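This report describes the arrangement of strands, helices and side chains in one protein chain. The sequence and the structure are shown first.

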Amino acid sequence: MPVATPAQYRAMLDAAQKGGYAYPAINVTSITTINGALRAFAEAKSDGIIQVSTGGGQFASGTKVNDAAFGAIVLAEAAHRLAAKYDVLVALHTDHCHPNKVDGFLRPLLDASRERVAAGQGPLFQSHMFDGSELPLEENMKISKELLKECVDLGIILEIEAGVVGGEEDGHDTSGHPADKLYTTPEDMLTVYEDLQPIGRFLFAATFGNVHGAYKPGAVQLKPTILRDGQKAVTDKHGAAAEMDLVFHGGSGSELSDIRETLGYGVVKMNIDTDTQYAFTRPIVTHVCQNLEGVLKIDGEVGDKKQYDPRTYLKKAEVALADRLKQACDDLLSTGKTVFGTV
C-alpha cells in the first residue's frame, strides 16, 4: 500500500465526496499502531488516513528527545516504508497544530517535505492541520492563507478549523468555551471558502457540537444540520461545485445515524483516536491480569519471559486496534472502496 501521491490523495477525496463515504483518520504513536492501521485498511479493502498529533510526535521521539516534529518525521518515514507492502492507499496527515506550535511543529515538517520534493520525491505528509479556532476568524484566516500557500507549493492539502471542538486532547482543553463556539455558523463557512478556495485545496473541520474524549453513546449532542446549512450558504452563492471537503472531529460516543448523516453533507474524513486507544489497551490489560504471575516476578520467582515479552501483548493490541478501525470503515462506508491502481 504505497503512500498516496498528491494526485492520488485528491482522487481519494474526490471519490469519497462523490460516493458519499468518508475515510477514518487514525492517530498513531508507534510502529505497532501504524501496523495496526495498515492491517485494518488492507483487510477492509479501504483507503485511509494515518495521522500524527503533536503529542504523538513527542512520544515517538522518545522521552529524552521529546521533539514533536522529529517524532512525526520518524513515524512518517516508517509509514512510507511499511505501507509499500500493502495494496490500498493511505495518506499521511498531522492533527491539530495550534498557533503557538506552528513554528516548532508544522514548519519543520514543511521543510522536510521541501527537501523530499527538491530530491524528486513526494511530500512527507499529504496534508497538515492548522487549528486556529482559538483565534478570531479574521486572524485564523490570515495564518491559514499563509500556510495554505506554502502547502500548495508542495502539493500538500491544508486542513483548518473554525469553531471549537470541545473537551481535551493532547493537553489542549477547550471545555471552558461558551457552548455557541461549538457550532460553526454559515457565515463562518462562507468566509472560510472565499478566503481559501482561490489559493488551493483545503479540508475544513467545521464544528457542529463535536467533543474530544470518551463518552457513552448519546452523550454528545451533535447537530449535523449545521454542516448542511453551511454548505448550502456556500453553494447557493458559488454553485454546486463549491461544496467543501469537511472533517468530523470528536466522534467518540456519536450515534451511527449522526455519523452517517454527516456523509451526506460533505464529510470525507473522520478522526478516530479515543476508541482505537481503548481497543489497543484493552487486550494488554487482559493479558496482564490473566498472566499476572508470569508477567511479574512475584515472591522472588523469575516470572515467564514469554508472558512479559512486550511482543506477546503488543501483537494482541495491534490486532484489536485493527478490528476497531475496520468497524470505523464500516461506519463510514469506506469498506471495499479504494482508488489504488486506478490513478
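In this predicted model, strand β8 is joined to strand β9 (residues 245-248) by two bridges, and the two strands run parallel. Within this pairing, Leu203 stands opposite Asp245 of β9. Strand β5 (residues 157-162) is also parallel to β8, and five bridges join the two. Here Glu161 is the residue opposite Ala205 of β8.

Strand β8 itself spans residues 202-206 and is mostly covered, with five of its five residues buried. Phe202, Phe204 and Ala206 point one way from the strand, while Leu203 and Ala205 point the other way. Such a pattern can be expected, because side chains in a regular strand alternate between the two faces of the sheet.

These pairings belong to a closed barrel of eight strands with parallel pairing, in the order β1-β2-β3-β4-β5-β8-β9-β10. From one strand to the next, the twist averages 25 degrees. Elsewhere in the barrel, strand β3 (residues 90-94) and strand β4 (residues 127-130) run parallel and are joined by two bridges. His93 stands opposite Ser127 of β4.

Helices pack on this sheet. Helix α4 touches β2 (48-52) and β3, and its direction makes about 175 degrees with that of β3. Helix α6 (residues 137-153) lies across β4 and β5, running at about 175 degrees to β5.

The nonpolar interior can be described next. The largest nonpolar core has 77 residues, and Phe41, Ile50 and Phe204 are those with the most contacts inside it. Helix α4 (residues 68-83) gives the most to this core, contributing nine residues. A second, separate core has 18 residues, among them Tyr9, Met12, Ile157 and Val247. In soluble globular proteins, nonpolar side chains tend to be buried together.

Leu246, in strand β9, is buried, with a relative accessible area of 0%. Leaving aside residues up to four places away in sequence, the residues that Leu246 touches include Met189, Phe204, Leu227, Tyr265 and Val267. Leu246 and Leu263 are 17 residues apart in sequence, and their C-alpha atoms are 9.1 Å apart in space.

A search of the whole structure finds two aromatic pairs, which are set out below.

| Aromatic pair | Centre to centre | Angle between planes | Geometry |
|---|---|---|---|
| Tyr21 and Tyr23 | 5.6 Å | 85 degrees | edge-to-face |
| Phe208 and Phe248 | 5.0 Å | 65 degrees | edge-to-face |

Phe208 lies in the loop between β8 and α8 (225-238), and Phe248 lies in strand β9, so this pair ties together parts that are 40 residues apart in sequence. Both Phe208 and Phe248 are buried. Tyr21 and Tyr23 are buried as well.

Which lysine lies over the face of Tyr21? Lys337 does, at 5.2 Å from the ring centre. A further contact of a charge with a ring involves Tyr183: the charged end of Lys223 sits over this ring, 4.7 Å from its centre.

How values were computed:
Residues numbered from 1 in each chain as written. Predicted model: local features only at pLDDT ≥ 70, side-chain atom pairs only at ≥ 80, totals over all residues. Heavy atoms only, no water. Buried < 20%, exposed > 50% of the residue type's maximum accessible area, 1.4 Å probe, protein only. Helix = DSSP H or I, 4+ residues; strand = E, 2+ residues; numbered from the N terminus. Pairing = 2+ DSSP bridges. Core = buried A, V, L, I, M, F, W, Y, C linked by side-chain atoms within 4.5 Å. Axes fitted to C-alpha atoms, helices over the stretch in contact; angles between N-to-C directions. Contact = heavy atoms within 4.5 Å. Phe/Tyr/Trp six-rings, centres within 6.5 Å; stacked < 30°, edge-to-face > 60°. Lys NZ or Arg CZ within 6 Å of the ring centre and 35° of its normal.
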